[in-house]
Structure formats: structure tokens, C-alpha cells
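Reader: I am new to this structure. Please take one part of it and look closely. Which residue should I start with, and what surrounds it?

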Amino acid sequence: SSGINAEWPLRPGAQQLKEDCLEDLKQRLIDMANLIQGRFEKETQQLQWKQNWYQQNQTTMTKEEEEEYVSYCSEAMFRIHILEERLNRHKELAPQKYVALESRLRGDNRLAEFLN
């Protein structure tokens with residue numbers, strides 16, 4: 001026994017607790033998606049800037065500068081690909097995480113009798 005009075009939480013409190021938990025998770029999932037999306041956009045913009053810079057300067061570049069550019073593009077494309085995969089996976093898993101928390105809250109003995 002957890003030592004919590006059987007009257008706690010009362011039905012409205014239990015429902016509010018459930019809704020607050022689900023809303024908090026929803027907001028954290030949205031924040032994470034926005035963070036990944038922001039990083040993706042930043043990487044993409046930086047790559048575009050570098051590609052524009054290359055277009056303007058390629059005729060005067062040294063071999064070493066050209067190699068650095070190619071290396072940068074390769075690394076940037078890799079980062080963009082990883083961010084894209086992370087974002088897609090996050091979008092795929094977010095609804096499952098929400099449903100799992102909802103189920104966990106519904107199955108919690110301390111809340112179950114007040115939520116049904």
C-alpha cells in the first residue's frame with residue numbers, strides 16, 4: 001500500500017491529472033518535433049548558402065578549397081538525412097507514445113477506479 005487515502009484523488013482530480021499528463025506529453029512531443037524540424041531547416045539553409053557561395057567562387061577556388069567544399073556538402077547531406085529520419089520516426093512514434101501513456105494512466109490502480 002502506498003499509504004494514500006482511498007478517497008484521494010477524487011474523480012474530478014483524477015480526470016484532471018490524466019488530462020494534464022496527456023497534455024504535457026503532447027506538448028513535449030510537439031516541442032521535440034519542432035526542435036528536430038528547426039535543426040533540419042538550419043542545416044538545409046546552411047547547405048544552400050554554401051552551394052550558392054560555391055557557384056559564385058568555383059572559378060577562383062584552389063583544389064584544397066574545392067575538396068573542403070565537397071567534404072562539407074557530404075557531411076551536411078548526412079546530417080540532413082539523419083535529421084529527416086529522426087523527424088519521420090518521431091512523427092511515427094508520437095501517437096503510439098500518447099496511446100501508451102493513456103493506457104498506463106487508465107491501468108494505474110491509484111487512478112483506475114476514478115477514471116472509469
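**A buried glutamate**

Author: Glu43 is a buried residue, with a relative accessible area of 14%. The cut-off matters here: a residue counts as buried when its relative accessible area is under 20%. One caution before going on: this is a predicted model.

Start with the place of Glu43. Glu43 belongs to helix α1, which covers residues 11-57. Now turn to its contacts. Neighbours within four places in sequence are set aside here. Glu43 then touches Ala76, Arg79, Ile80 and Leu83.

One of these contacts, Arg79, deserves a closer look. The side chains of Glu43 and Arg79 form a salt bridge, at 3.0 Å from N to O. Arg79 sits in helix α2 and Glu43 in helix α1, so this pair ties together parts that are 36 residues apart in sequence. How buried or exposed is each partner? Arg79 is partly exposed, at a relative accessible area of 29%. Glu43, at 14%, is buried.

Next, step back one place along the chain. Lys42 is also a residue of helix α1. Is Lys42 buried or exposed? Lys42 is exposed, because its relative accessible area is 52% and exposed means over 50%. There is a distance to note as well. Between the C-alpha atoms of Lys42 and Ile80 the gap is 9.3 Å. Along the chain, Lys42 and Ile80 are 38 residues apart. Ile80 has come up before, among the contacts of Glu43.

How many salt bridges are there? The count is three. The pair of Arg79 and Glu43 is one of them. Another joins the side chains of Arg28 and Asp24, at 3.4 Å from N to O. Arg28 and Asp24 are both in helix α1, four residues apart, so about one helical turn separates them. Asp24 is partly exposed, with 43% relative accessibility. A further salt bridge links the side chains of Asp108 and Arg110, at 2.6 Å from N to O. Asp108 counts as buried, at 18% relative accessibility.

Helix α2 offers something else. It spans residues 63-107, and Glu64 is found in it. Which residues make up the negative surface patch? They are Glu64, Glu65, Glu66, Glu67 and Glu68. Glu64 is exposed, with a relative accessible area of 54%. Set that beside Glu43: Glu64 is exposed, whereas Glu43 is buried.

Now the whole chain. What elements does it hold? The protein chain has three helices and zero strands. Read from the N terminus, the order is α-α-α. The chain has 116 residues, and 24% of them count as buried. Glu43 and Asp108 are both buried. The accessible surface of the chain is about 8700 Å². Carbon and sulfur atoms account for 51% of that surface.

Last, the contacts across the chain. Take those between residues at least 6 apart in sequence. Of these, 81% join residues at least 24 apart. The link between Glu43 and Arg79 spans 36 residues, from helix α1 to helix α2.

So what is the picture around the starting residue? Glu43 is buried at 14%. Its side chain meets that of Arg79 in a salt bridge, and Ala76, Ile80 and Leu83 are among its other contacts. Lys42, also in helix α1, is exposed at 52%.

How values were computed: Residues numbered from 1 in each chain as written. Predicted model: local features only at pLDDT ≥ 70, side-chain atom pairs only at ≥ 80, totals over all residues. Heavy atoms only, no water. Patch = residues over 30% accessible without salt bridge, like charges linked within 9 Å, V, L, I, M, F, W, Y side chains within 5 Å. Areas by Shrake-Rupley, 256 points an atom, 1.4 Å probe, with all protein chains shown as cover. Salt bridge = Lys/Arg side-chain N within 4 Å of Asp/Glu carboxyl O. Lys, Arg positive; Asp, Glu negative; His and termini not counted. Charge placed at Lys NZ, Arg CZ, Asp CG, Glu CD. Helix = DSSP H or I, 4+ residues; strand = E, 2+ residues; numbered from the N terminus. Buried < 20%, exposed > 50% of the residue type's maximum accessible area, 1.4 Å probe, protein only. Contact = heavy atoms within 4.5 Å.
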